[in-house]
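Trainee: Please give me a close look at the shell around the ligand, and follow it outward into the parts of the structure that it leads to.

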Amino acid sequence: MTFWDRYLLPTNVDEALQALARGSARVVAGGTDLLLDLQQGREHPVGALVDVTRIPEMTAIQTDGDWLVVGAAVTHARLVQEPVLARQATCLVESCGVIGGPQVRNVATLGGNVAHALPAGDGTLSLVALDAEAEVATWDGTAGRRAWRPVRALYAGPGRSAVDQTREVITRFRFRPVGPREATAYKRIMRPQGVALPILALAVWVRLDAAGERFAAARLALGPAGPAPLRAERAEAFLVGRPADGDTLRAAVPVVLEEARLRTSPHRATADYRRELVPALVERAMTLAVQRARSGEVTLEPAEEA
Ligand SMILES: Cc1cc2nc3c(=O)[nH]c(=O)nc-3n(C[C@H](O)[C@H](O)[C@H](O)COP(=O)(O)OP(=O)(O)OC[C@H]3O[C@@H](n4cnc5c(N)ncnc54)[C@H](O)[C@@H]3O)c2cc1C
């Protein structure tokens with residue numbers, strides 16, 4: 001059985017959009033999700049696959065004014081080797097560094113991770129903690145149109161993206177680099193020898209006050225804890241103004257648990273087990289981020305624990 005008739009390699013975004021606009025076509029990047037979905041019948045065969053990995057602006061990592069900009073077709077392997085991201089978006093490097101194994105990371109992309117729309121996509125959780133935006137491009141009949149949208153707004157449900165991958169292309173992501181007394185961290189808990197998604201994962205961003213003693217702001221992205229990556233906003237509000245210490249983190253756990261919609265998944269874990277993991281994840285990821293924010297130093301740590 002064939003799953004596509006033509007495999008197209010456009011070299012710019014408008015060419016990709018035009019190919020999609022001709023109908024019966026679908027964006028592909030690394031293919032690590034899409035090809036399995038086609039082979040296993042979760043997706044229908046298409047007339048054309050439109051490969052976006054040869055489009056220069058989609059494979060670049062650069063600074064643009066106050067933004068760090070990462071192309072949607074940047075692979076996880078490439079992303080983790082970028083020193084500016086290790087320092088300025090540490091959680092993203094830590095999370096993309098544990099996706100699959102080396103073969104997967106060599107071809108799988110950040111855009112594919114977001115477009116696949118799983119509530120525990122590792123790279124996606126970090127983008128949500130970074131409050132990142134995605135640039136989505138659409139063909140309006142005569143030209144390509146682009147708009148920046150919060151990554152959080154790209155979810156229509158578990159595994160369902162608000163980006164129409166038969167018509168639209170996510171071209172780039174942008175977010176602010178960390179400033180003084182700000183830092184990020186990522187931790188996930190995985191089944192031993194697990195290769196796919198985490199049992200539970202948490203990406204965090206923190207800003208401390210001028211004295212480095214209290215939380216001035218925080219963002220926590222937890223998954224899977226609902227139909228989309230969860231921003232634990234009540235816990236974030238709870239943290240502001242409180243001492244950045246273990247007592248505060250322990251007190252924040254029940255607030256996170258109130259917001260999280262943890263469920264049992266047959267191959268990974270029960271809801272009760274996930275509930276037990278929340279205190280450890282909050283403590284480990286937040287403590288690391290606070291240390292980094294205080295010291296201004298970043299040493300990458302293994303993000304994963306079995
Ligand atoms: C063995 C294995 C282990 C894995 N482990 C993990 C893991 O630990 N953590 C994790 O999060 N994921 C994991 N994955 C899932 C997958 O590798 C990631 O989600 C990856 O980032 C998908 O990227 P891709 O480029 O391969 O996407 P593709 O398979 O090419 O595309 C996925 C979907 O996104 C669409 N798409 C791709 N790029 C764009 C774009 N720029 N604009 C619009 N739509 C687009 C496609 O049409 C398709 O619907 C694993 C997969 C495998 C096979």
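Mentor: Helices (H or I, at least four residues) and strands (E, at least two) are DSSP runs that are numbered from the N terminus. Residue numbers start from 1 along each chain as its sequence is written. The model is predicted, and local features therefore need pLDDT of at least 70 and side-chain atom pairs pLDDT 80 or more, while totals for chains, interfaces and linings use all residues.

With that settled, the shell around the ligand can be taken element by element. Strand E2 (25-28), helix H7 (110-116) and strand E10 each supply at least two of its residues, and of the elements it is H7 that gives the most, with five residues. Around the ligand there are 31 residues, of which Ala29, Gly30, Gly111, Gly112 and Ala115 come nearest; a residue is near if its C-beta atom, placed from the backbone, lies within 6 Å of the molecule. By residue class, the shell holds 17 nonpolar, 11 polar and three charged residues, where Ala, Val, Leu, Ile, Met, Phe, Trp, Tyr, Cys and Pro count as nonpolar, Asp, Glu, Lys and Arg as charged, and the others, Gly among them, as polar.

From the shell, E10 leads into a sheet. This sheet is open, with five strands in the order E4-E5-E10-E6-E7 and antiparallel pairing, two strands being paired if DSSP finds at least two bridges between them. In that order E10 stands between E5 and E6, whereas the edges are taken by E4 (61-64) and E7 (144-150), each of which pairs on one side only. From one strand to the next the twist averages 30 degrees, an angle taken between N-to-C directions on a scale from 0 to 180 degrees, with axes fitted to C-alpha atoms, for helices over the stretch in contact.

Beyond E10, strand E6 (residues 133-139) is joined to the edge strand E7 by seven bridges, and the two run antiparallel. To find this pairing in the model, start at valine 136, whose bridge partner in E7 is alanine 147. Helix H1 (residues 13-21) packs on the sheet, where it touches E6, E7 and E10 (168-175), and its direction makes about 55 degrees with that of E6; contact between two residues means that their C-beta atoms, placed from the backbone, lie within 7 Å.

H1 and E2 also bring in the domains of the protein chain. The assignment, which is automatic or from a database, gives domain 1 (4-51), domain 2 (56-175) and domain 3 (182-297). The C-alpha centres of domain 1 and domain 2 lie 18 Å apart, and the contact takes 15 residues from domain 1 and 19 residues from domain 2. On the side of domain 1 that touches domain 2, the elements giving two or more residues are H1 and E2, and H1 gives the most, with seven residues. That side of domain 1 is made up of eight nonpolar, four polar and three charged residues.

Put together, E2 supplies residues to the shell around the ligand and also to the side of domain 1 that touches domain 2, while E10 supplies residues to the shell and is one of the strands that H1 touches.
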